Structure formats: structure tokens, C-alpha cells
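Thank you all for coming. I would like to take a few minutes to go through one model with you, so please have a look at the screen.

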Amino acid sequence: MIEVSGLRKVYGSVVALDGVDLHVRQGEIFGVLGRSGAGKSTLLRCVNLLERPSGGSVVVGGRDLTALGERELRRARQGIGMIHQHFALLSSRTVAGNVAFPLEIMGMPRDRRAARVEELLELVGLAGKAGAYPAQLSGGQKQRVGIARALAGSPSVLLSDEATSALDPGTTQSILALLKRLNREFGLTILLITHEMDVIKAVCDSAAIMSDGRIEEAGPIPELLATPGSRLTEELFPLAPPEPGSVTITFTGAYSGRADEPVVSQVVRKFDVDVNILGGALEEVAGVSAGRLRVRLTGGESEAALGYLRDRGLLVEVAPR
Amino acid sequence: MTWSDMSPLLWEATGQTAQMVAWATLFTVLFGLPLGVALVGTDRSGLFPAPFARRILGLVVNIGRSLPFIVLMIAVIPVTRLITGTTIGTGAAAVPLTIGAVPFFARLVETALREVGRDVVQAAQAMGASRARIVARVLLPEALPGLIAALTVTIVTLISYSAMAGVIGGGGLGDLAVRYGYQRFETLLMIVTVVVLVVLVQAVQSLGDAVARRLTRR
Ligand SMILES: Nc1ncnc2c1ncn2[C@@H]1O[C@H](COP(=O)(O)OP(=O)(O)OP(=O)(O)O)[C@@H](O)[C@H]1O
Ligand SMILES: [Mg+2]
């Protein structure tokens with residue numbers, strides 16, 4: 001749905017994007033992670049050409065946006081929704097007026113606009129707030145207006161730059177639930193930027209990690225979790241540096257059972273080993289039970305125990321002694 | 001001098017001041033608003049970037065603002081003649097008043113427009129809005145309270161500039177105060193004139209403040 005290749009963006013002597021390739025599939029929620037200044041916002045703003053790339057191409061829905069003239073680009077943008085960290089609502093317009101704005105841009109006649117606005121506000125759960133001004137709304141409500149506005153043109157793609165970063169955890173969850181629902185119900189493809197691991201865990205199907213204007217790793221989350229040494233795993237389930245001889249077990253999408261299955265006690269019984277748990281976390285991510293467990297195995301048939309775990313589809317890494 | 005002597009003089013002078021200020025305000029907005037938009041829009045990161053034009057506009061505005069009004073009024077006499085066909089009278093005075101106020105108002109417009117968040121403008125761009133639409137439907141409406149405040153300050157300034165219009169026969173309250181109060185020692189008339197000016201300025205300011213407040217939705 002979004003195909004970015006060889007994307008470069010240079011500001012004077014600052015290289016904000018240094019050859020970025022990104023492949024976002026139709027109907028998925030794709031999260032981009034990275035430290036401040038990594039180039040995440042620049043990347044997102046290049047996807048709808050708010051920022052003109054210094055090089056490379058951006059194809060959205062099969063159309064190369066970099067090749068379009070201004071008028072065509074404006075039309076193409078109407079099919080790409082965007083939501084913003086600080087909402088970016090028009091303070092001089094009511095909620096209904098804000099949602100109507102993109103409809104005005106599309107040239108929808110006045111009498112059809114009102115019905116569409118009502119429908120959109122209903123969709124985001126703000127039906128009673130049509131006449132309120134943004135200043136009278138909470139952060140979560142403002143972002144709902146932002147989402148309704150972004151959906152006005154029935155876009156196939158939604159771009160989100162830290163849309164929940166200004167919200168408290170509870171409100172963040174409700175906005176994420178809304179995005180997830182839109183994704184499931186309408187097949188909306190969402191490219192979102194965040195620095196919150198919880199956002200990735202809660203809604204993303206795929207993820208990319210950026211640093212210094214480059215993509216370090218990218219792909220479906222279960223695949224990344226199954227990759228030894230993945231930075232995403234490290235970010236999602238942080239553990240202290242491994243002690244010599246300790247074993248790190250990563251539960252990935254490839255694991256045949258469930259993470260809460262008593263695989264550890266099975267190992268203890270079958271191979272007569274002692275298991276000492278050093279740390280770990282297990283959660284539901286991208287629809288699979290995933291996480292990491294750091295343990296120390298002693299006595300019994302340790303080697304056979306590790307082999308058994310690997311056979312079950314777990315990623316097993318042993319720190320050298 | 002009695003009240004009945006002063007009254008017609010005051011009415012006439014007030015009418016002249018109102019007339020000068022009204023015409024000058026109209027044309028100041030007509031020219032100053034687009035100029036203010038241009039000052040913001042031609043920025044390197046603006047809606048229609050044109051750094052060279054930006055520098056020229058800035059220079060012209062600064063020159064206009066640094067000329068004392070009394071000098072400007074004399075200096076633009078040829079322009080006044082070209083536009084109004086005469087160089088004296090109330091109508092003629094509106095020309096230098098406008099020329100004096102345009103750069104002033106344009107700078108205030110510039111400041112008001114810069115208050116509009118970049119993210120709001122970018123959101124509109126992301127929706128596919130044209131630049132003309134962004135100016136008309138985003139920048140100006142969002143900055144409206146600030147623009148009203150700018151207009152209020154400009155009208156007050158025009159009232160004070162108009163006091164100098166006596167020099168080119170524009171008449172008005174300032175002229176009245178100078179001719180009777182200063183040249184004929186009619187102290188009472190001068191005081192009354194000053195009071196009328198104060199009341200006028202106060203009324204304009206209060207009205208402007210009230211309108212700006214009503215329009216503020218933040
Ligand atoms: N308009 C600009 N002019 C100059 N440099 C810029 C501009 N926009 C971004 N940069 C630079 O490009 C780099 C990437 O910025 P970007 O905003 O994309 O980072 P980010 O990953 O979104 O960071 P954050 O998490 O803090 O939002 C930074 O070094 C930044 O200083
Ligand atoms: Mg950013």
C-alpha cells in the first residue's frame with residue numbers, strides 16, 4: 001500500500017533520511033520506532049509529500065507521488081488521512097466545522113456535508129459534541145475530532161505522527177482501540193510513529209526501527225521476534241545484559257504452544273534440570289503470545305533440555321561462559 | 001467662546017476626522033492585509049516562498065515605518081495630487097494617512113498571522129487544501145481576533161496621525177485644537193477637543209477589544 005524506496009532527505013548539512021526503504025502492506029498497522037531525531041517525522045511527512053524528498057520514490061496505493069504535479073498531488077492527499085500529536089484543529093471552528101473542512105476541500109456540496117459530518121462524529125464517538133469548540137474538549141476528544149477529520153475523504157491510508165503522545169495512558173488506550181477498530185472494520189492501512197512500546201504492543205502488525213535516518217530492521221512483528229539479536233525484541237522486552245552461561249528464551253510467533261503453557265515445568269520434569277528464573281516478561285503482541293525469559297539451567301540433561309525448547313519453536317540463546 | 005459657538009466647530013471637526021479615518025482605514029485594510037499575508041507567505045518556510053521578494057517587501061515596509069508622518073505627508077503630495085486631483089482637504093489627507101498606516105498595519109497583520117500554528121497549516125496542506133484556501137480559510141479565520149486587535153491599534157494610530165492633517169488643510173479635531181487652542185488662546189475649546197479625541201480613541205479601543213474577545217475561541 002505504501003512503498004518507499006531509496007528515500008533521502010537532506011536539510012543543509014543534516015541528513016535526516018539516508019536511503020530509507022519501507023513496505024507497508026494493505027490493511028496492516030505499521031509502527032515506526034526510533035530515538036528523537038532519528039528521522040521518523042521526516043519519513044512520515046515524506047509519505048504525503050508535505051516534505052519533498054531529496055531523492056527516492058514514494059508510491060501510495062500504486063501511485064508515485066513524487067511524479068505528480070501540484071494539483072494532482074493535492075487530489076492524492078485527499079485520499080491519505082493524517083493525524084497529529086497536537087491535534088492541529090482549527091480553533092475558530094466547531095467540531096462539526098473542523099470535520100467539514102476536508103469535505104469543503106473535496107468540493108462536497110453543503111447539504112451532503114452535514115450528513116457526512118454526523119456520520120463521522122458518530123463513528124468516533126463524538127455525536128453530542130458537534131457544536132463544541134476545540135478549546136472545550138479534552139485531549140482525547142480533540143484527537144477523536146482529528147481522526148474523524150482524517151477519515152472524511154474515506155482514505156485508504158492513515159498517517160499518524162505520535163498521535164497519542166500528548167495523552168494519558170487511559171486515553172491512549174481508547175484512541176488505540178479506535179484506530180484498531182477502523183483498521184479491522186474498514187481495512188484502513190495505518191502507518192504510525194511512536195516512541196511508546198505499548199503502542200507497538202497494542203496495535204501494530206509490523207514495525208520498523210529507525211536510527212540516524214536509516215531503517216535498522218523492519219518486518220512483521222512475529223518475524224522480528226523470531227530473529228536472533230533483534231533490536232525490536234530488545235526494546236519490547238528489555239532484559240539486563242546476560243550473565244555468562246544464562247539462557248534467554250524468546251517466545252515468538254513460531255512457538256507452537258501458548259506462552260502460558262507450562263513449557264518450563266515440562267523441561268524440569270522431562271530432563272531433571274533445575275530452572276532458576278532471572279527475569280523476563282510475556283505479553284500479547286501482534287496477536288501472538290510473545291516475550292522473553294532469562295533463566296539458568298543447572299544439573300540434569302541441560303543440553304537436551306535446550307534442544308527440546310528449540311524444537312518447540314522457541315528462540316534459545318545461551319550466553320557464553 | 002460659548003458652548004453654542006463651539007458646538008458647530010466641534011461637530012464639523014469630528015466629522016472631518018471620522019471621514020479621514022474611515023477612508024484611510026478602508027484603504028489601509030485593502031492594501032495592508034495582502035501585504036501582511038505576503039510578508040508571512042514569502043518566508044523561506046512560508047506558503048509561497050520567495051526570499052528575494054520577502055527582503056524587498058521587508059525593506060519597503062521598514063522605510064515606510066521609519067518616516068515621521070509629518071514628513072511623509074509632505075513627501076507624498078505628488079501622489080496625492082495624482083490620486084485625488086487635489087492636494088488639500090479631507091479627501092486629500094486620506095492619501096498620506098493610508099500610505100503611513102499600511103506598513104504599520106501590515107507588520108501587525110504579519111505578527112497576528114504568525115500566531116497561527118504551523119501544524120494547523122500543515123494539517124490543511126495534508127488534506128489537499130490549495131494555498132489560496134489555506135490563506136482564506138485557515139490563516140485569516142484563525143488569526144481573526146489578532147487581526148481585529150491590529151485593526152483597532154491602526155485606527156487609533158490613524159486618529160492620532162489625522163491630527164496633523166491640518167497642515168495640508170484636512171481639518172479635523174487636531175487642526176481645531178491647534179487653530180483655536182494654540183493660535184487663538186481658546187483654552188476651553190482646546191480642552192474640549194482633547195476630551196472628544198480621548199473619548200473617540202477610548203470608544204474605538206473598547207469596541208475593538210470587545211469584538212476580539214467575542215471571536216476568541218481558545
Ligand atoms: N525543517 C527542518 N530543517 C532542518 N532540519 C530538520 C528539519 N526537520 C527535521 N530536521 C532534522 O532532521 C532530523 C530528523 O528529524 P525528525 O523530526 O524527523 O526526527 P524524529 O525522529 O521525528 O524525532 P522526534 O522523536 O523528536 O520527533 C533531525 O536531526 C532534525 O533536526
Ligand atoms: Mg517527530
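I will begin with the ligand and then turn to the contact between the two chains.

Please keep in mind throughout that this is a predicted model, and that the values I quote are computed from it.

Let me start with ligand 1, where the surrounding residues are A:Tyr11, A:Val14, A:Ala16, A:Glu162 and a run that goes from A:Arg35 through A:Ser36, A:Gly37, A:Ala38, A:Gly39, A:Lys40 and A:Ser41 to A:Thr42. Sorted by character, that shell comprises four nonpolar, five polar and three charged residues.

Which atoms of A:Ala38, A:Gly39 and A:Lys40 come up against the oxygen atoms of ligand 1? For A:Ala38 it is a backbone N or O atom, which lies 3.2 Å from an oxygen atom of the ligand, and for A:Gly39 it is again a polar backbone atom, with an oxygen atom of ligand 1 at 2.9 Å. A:Lys40, on the other hand, uses a polar side-chain atom, placed 2.7 Å from an oxygen atom of ligand 1.

Taken alone, ligand 1 has 640 Å² of accessible area, and the protein covers 58% of that. In terms of secondary structure, two elements of chain A each give two or more residues to the shell, namely strand E2 (14-24) and helix H1 (40-47), and H1(A) gives the most, with three residues.

Now to the contact between the chains, in which 24 residues of chain A and 19 residues of chain B take part. Together the two chains bury about 1,900 Å², and 58% of that area is on carbon and sulfur atoms. On the chain B side, B:Ala126, B:Met127 and B:Arg217 supply 33% of the area buried against chain A, which is more than any other three residues supply.

How many salt bridges are there between chain B and chain A? The count is one, and it joins the side chains of A:Glu70 and B:Arg131, with 3.5 Å from N to O. Polar contacts between chain B and chain A amount to six residue pairs, counting those with both residues at pLDDT 80 or more.

As for the elements of chain B that touch chain A, helix H6 (118-126) and helix H7 (131-162) each give two or more residues, and H6(B) provides the largest share, seven residues. The residues on this side of chain B divide into eight nonpolar, four polar and seven charged.

That is where I will stop, and I am happy to go back to any part of the model.

Key
Residues numbered from 1 in each chain as written. Chains lettered and ligands numbered in written order. Predicted model: local features only at pLDDT ≥ 70, side-chain atom pairs only at ≥ 80, totals over all residues. Heavy atoms only, no water. Near = heavy atom within 4 Å. Polar contact = N/O pair within 3.5 Å; in protein donor to acceptor, adjacent residues only side chain to side chain. Areas by Shrake-Rupley, 256 points an atom, 1.4 Å probe, with all protein chains shown as cover. Helix = DSSP H or I, 4+ residues; strand = E, 2+ residues; numbered from the N terminus. Nonpolar A, V, L, I, M, F, W, Y, C, P; charged D, E, K, R; others polar. Contact = heavy atoms within 4.5 Å. Buried area = accessible area lost by both parts, 1.4 Å probe. Salt bridge = Lys/Arg side-chain N within 4 Å of Asp/Glu carboxyl O.
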